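These are my notebook entries on one structure. I set down what I looked up, entry by entry.

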Amino acid sequence: MVSEIFNAVWLYLVVLVIVLLVLAQCVVFMRKAWRRALGLGISEAQLKNTLVSGISISIMPTLPVLIVFLALTPLLGSPLPWLRLSVIGSAQYESYAASVALQSVGEKLIPGGYSLKGWISAAWVMTIGGSACVLWSSLAIKPISLMYEKIEAKMDKRFVYAIGGGALSGVMAFVTVAFGLSAVSTNGVVFGVSFAFGAFLVLLQRKRPESKWIGEYLMTISMLVAMAAACIIF
């Protein structure tokens, strides 16, 4: 029953319309940017080279999105992950949001592990949570930027960066312990392998300046290693 609903034809049609609208918006702004660049004296050949370079560089960092889509499809159906990951969602957020939403109603993100109520809860949390960041950015980014500039002008930049880094580390530590290392199951082992390999790549990137490109593909590589570890270990 639930699978019939979250893979319904009308859901595919709704998602298709939304995706086409977003693509149309991209085309409109791309044309405006192209004309503006030509007006600034940039040659068409330079623009084409930049476009090709941008597309080629973007392929690898988008692999995590594709991997998460393939992982969520058997769990939540195709339309919802397709909508979330093609418009405004992120690979890191969607699976986490769906898991937390289902846990809040006493269900699990596994095949057959939730009801229609759970799926609707996951869809609402994924959508509202993703939309909140846009609203927050629109209203708060300018005041926060101004406040940050004032603080940065009065304080040592290294201290400001240390505060930001400490706050981010705290969030990452909480997520790591609460949803990764605390799990005495497949999730915990695979998470540990992925985390350790990711830490190794970060260390390698810091030690070898010529390895800066690793930063662009850090999540992709870590996810692929985690999937391979799951296949080998379990």
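Which residue just after helix 4 takes a positive phi? I found Gly77 there, with a phi of about 85°. I take helices as DSSP runs (H or I, at least four residues), numbered from the N terminus.

I note that this is a predicted model, in which local features need pLDDT of at least 70, side-chain atom pairs count only at pLDDT 80 or more, and totals for chains, interfaces and linings use all residues. Residues are numbered from 1 along each chain as its sequence is written, and side-chain values use heavy atoms, with hydrogens and water left out.

Helix 4. I looked up its span: its 14 residues reach 19 Å from first C-alpha to last, close to the 20 Å expected at 1.5 Å a residue, the expected value being 1.5 Å times one less than the number of residues. Its buried residues (under 20% relative accessible area, 1.4 Å probe, protein chains only) are Pro64, Ile67, Val68, Leu72, Leu75 and Leu76.

Core. I then turned to the largest nonpolar core (buried Ala, Val, Leu, Ile, Met, Phe, Trp, Tyr and Cys residues joined through side-chain atoms within 4.5 Å). It holds 20 residues, and Leu76, Leu109, Trp119 and Met126 have the most contacts inside it. At least two residues come from each of helix 4 (63-76), helix 5, helix 6 (91-104) and helix 7. Helix 4 gives the largest share of this core, five residues.

Conventions
Buried < 20%, exposed > 50% of the residue type's maximum accessible area, 1.4 Å probe, protein only.
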